[in-house]
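Got a model open and want to know what to look at? Here's a quick run through it, question by question.

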Amino acid sequence: RGKWEMWRGNSPGGNPGAATEGTGGELGGQGNWGLEDAPGLLARASLPIVPAWPSPLASSALTLLLGALTSLFLWYCYRLGSQDMQALEAGGRAGGVSGGPRGCSETGRPSPGSSGEPGEGLRTEGLVSRRLRAYARRYSWAGMGRVRRAAQGGPGPGGGPGVLGIQRPGLLFLPDLPSVPFVPRDAQRHDVELLESSFPAILRDFGAVSWDFSGTTPLPRGWSPPLAPGCYQLLLYQAGRCQPSNWGRCPGAYRALRGLRSFMSANTFGNAGFSVLLPGARLEGRCGPTNARVRCHLGLKIPPGCELVVGGEPQCWAEGHCLLVDDSFLHTVAHNGSPEDGPRVVFIVDLWHPNVAGAERQALDFVFAPDP
């Protein structure tokens with residue numbers, strides 16, 4: 001009798017529904033139920049759970065939530081862009097990136113034109129910041145993280161000297177690029193192989209424009225004044241500008257340059273031409289303007305006693321073979337041979353650093369476009 005009363009929902013103390021009041025309330029019942037009610041309760045328990053909100057109200061709430069998230073994202077992008085522009089403007093007012101006289105300055109930071117072999121340009125104070133803002137207005141900041149940081153920070157990591165003080169680009173330091181004095185050949189395999197296969201034609205071109213380099217006669221047409229005693233060059237491209245007066249006399253070199261994939265032909269960092277170093281000549285402690293390029297040396301005539309030291313690492317050229325150099329490192333060039341050995345001759349081409357992305361190349365071509 002007592003057990004049956006419990007099943008009926010009555011407690012032994014005579015308080016109906018006290019033992020099951022909570023249970024019946026949770027399931028939606030009336031508090032008194034028995035075995036005959038079990039099928040109905042099970043059927044009700046198996047019904048699908050109905051959302052607390054009606055479907056139209058849930059859709060409206062979701063729409064409002066997505067709208068709020070979109071507004072928050074747009075506000076964040078606006079704030080980020082405003083901070084970048086303020087930083088760039090501050091860098092431009094402070095002089096940002098600037099150049100100076102040729103060679104290393106008193107502070108130890110070299111100028112854009114201090115590389116010593118085919119020359120550089122664009123030394124105007126704040127030019128990088130101004131042109132980068134113009135590029136962003138015309139296109140976008142997408143993919144420009146490293147270029148923005150380079151414009152904000154100036155030459156060298158954090159605006160100071162480079163890696164261990166031996167990498168000191170004079171104009172533009174692009175952060176997070178692999179930094180080694182001598183770049184592996186595989187990094188620019190196509191262009192290296194093309195230049196090496198063009199070695200006979202380029203050597204013939206040099207024979208057509210060569211002279212005795214005695215210094216006792218006026219410079220022949222096309223040859224630049226010496227960078228230092230015993231150092232001469234004839235440029236086919238100078239600071240991103242073609243030199244038409246020299247093209248016609250160097251058809252083999254012209255064809256080779258036209259076939260290169262990463263030649264900086266539309267950038268003031270881009271040069272190409274013949275470099276001659278006479279016996280006893282030496283170029284001391286120079287740094288290139290940027291680490292965004294790799295300078296390719298194709299050996300044409302390499303007598304004994306010639307040496308290239310980049311970032312403290314010595315190397316030597318070989319005739320018919322290319323050497324890839326990051327000339328933003330402090331480097332020295334020397335010809336220690338005898339006068340009977342003749343000059344050292346290399347064909348130099350400036351290529352993009354292999355780790356500079358396509359979007360960054362496009363922006364840097366805009367920023368450092370040759371003057372019209």
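What follows is a set of questions and answers on this predicted model.

Q: How many helices and strands does the protein chain come to, and what share of its residues counts as buried?
A: Start with the secondary structure: the protein chain has 11 helices and 12 strands. Then take the 372 residues and ask how many fall under 20% relative accessible area. The share that counts as buried is 44%.

Q: What share of the contacts with a separation of 6 or more comes from residues 24 or more positions apart?
A: Here you leave out contacts with a separation below 6 and look at what remains in the protein chain. Residues 24 or more positions apart account for 74%.

Q: Which strands sit at the edges of the open sheet with the order S6-S11-S8-S9?
A: This sheet is built from 4 strands with antiparallel pairing, and its neighbouring strands are turned by 15 degrees against each other on average, direction ignored. An edge strand here pairs on one side only. That description fits S6 (282-286) and S9 (313-315).

Q: Which residue of S11 stands opposite Leu 283?
A: S6 and S11 (residues 331-335) are paired in the antiparallel sense, over 3 bridges. Look across from Leu 283 into S11 and you land on Val 333.

Q: Is strand S7 mostly covered or mostly open, and how many of its residues are buried?
A: S7 spans residues 293-301. It pairs in the antiparallel sense with S12 (residues 344-352) over 8 bridges, and 4 bridges join S7 to S10 (residues 322-325), also antiparallel. The strand is mostly covered, and the buried count is 8 of its 9 residues.

Q: What are the partners of Arg 293 in S12 and of Leu 298 in S10?
A: Take the S12 side to begin with: Arg 293 stands opposite Trp 352. For S10, the bridge partner of Leu 298 is Cys 322.

Q: How are H7 and H8 oriented to each other?
A: The axes of H7 (residues 189-197) and H8 (residues 199-209) come within 5 Å and cross at roughly 55 degrees. The contact is made by Leu 195, Glu 196 and Ser 197 of H7 with Phe 199, Pro 200 and Ile 202 of H8; by class that's 4 nonpolar, 1 polar and 1 charged. An angle of 55 degrees is neither under 35 nor in the range 65 to 115, so H7 and H8 are oblique.

Q: What does the crossing angle make of H8 and H10?
A: These axes come within 7 Å and cross at roughly 140 degrees. Roughly antiparallel would need an angle over 145 degrees, so H8 is oblique to H10.

Q: Which residues of H10 are met by Ala 201, Ile 202 and Asp 205 in H8?
A: By class, the contact of H8 with H10 has 5 nonpolar, 1 polar and 1 charged residues. On the H10 side, the residues are Pro 251, Gly 252, Ala 253 and Ala 256.

Q: What kind of aromatic pair do Trp 211 and Phe 213 form?
A: The structure holds 15 aromatic pairs, and in this one both residues are buried. The ring centres are 4.9 Å apart, with 45 degrees between the planes. Stacked would need an angle under 30 degrees and edge-to-face one over 60, so the pair of Trp 211 and Phe 213 is tilted.

Q: What kind of aromatic pair do Tyr 237 and Phe 263 form?
A: Tyr 237 lies in S3 (residues 231-238) and Phe 263 in the loop between H10 (251-258) and S5 (272-277), 26 residues apart. Both Tyr 237 and Phe 263 are buried. With 5.0 Å centre to centre and 90 degrees between the planes, the pair is edge-to-face.

Q: Asp 176 and Ala 239 each have a positive phi although neither is a glycine; which one is exposed?
A: Asp 176, at a phi of about 65 degrees, is found in the loop between H6 (145-153) and S1 (182-183). Ala 239, at about 50 degrees, is in the loop between S3 and S4 (241-242). Ala 239 has 15% relative accessibility, so it counts as buried. At a relative accessible area of 54%, the exposed residue is Asp 176.

Terms used: Residues numbered from 1 in each chain as written. Predicted model: local features only at pLDDT ≥ 70, side-chain atom pairs only at ≥ 80, totals over all residues. Heavy atoms only, no water. Pairing = 2+ DSSP bridges. Helix = DSSP H or I, 4+ residues; strand = E, 2+ residues; numbered from the N terminus. Axes fitted to C-alpha atoms, helices over the stretch in contact; angles between N-to-C directions. Contact = heavy atoms within 4.5 Å. Nonpolar A, V, L, I, M, F, W, Y, C, P; charged D, E, K, R; others polar. Buried < 20%, exposed > 50% of the residue type's maximum accessible area, 1.4 Å probe, protein only. Phe/Tyr/Trp six-rings, centres within 6.5 Å; stacked < 30°, edge-to-face > 60°.
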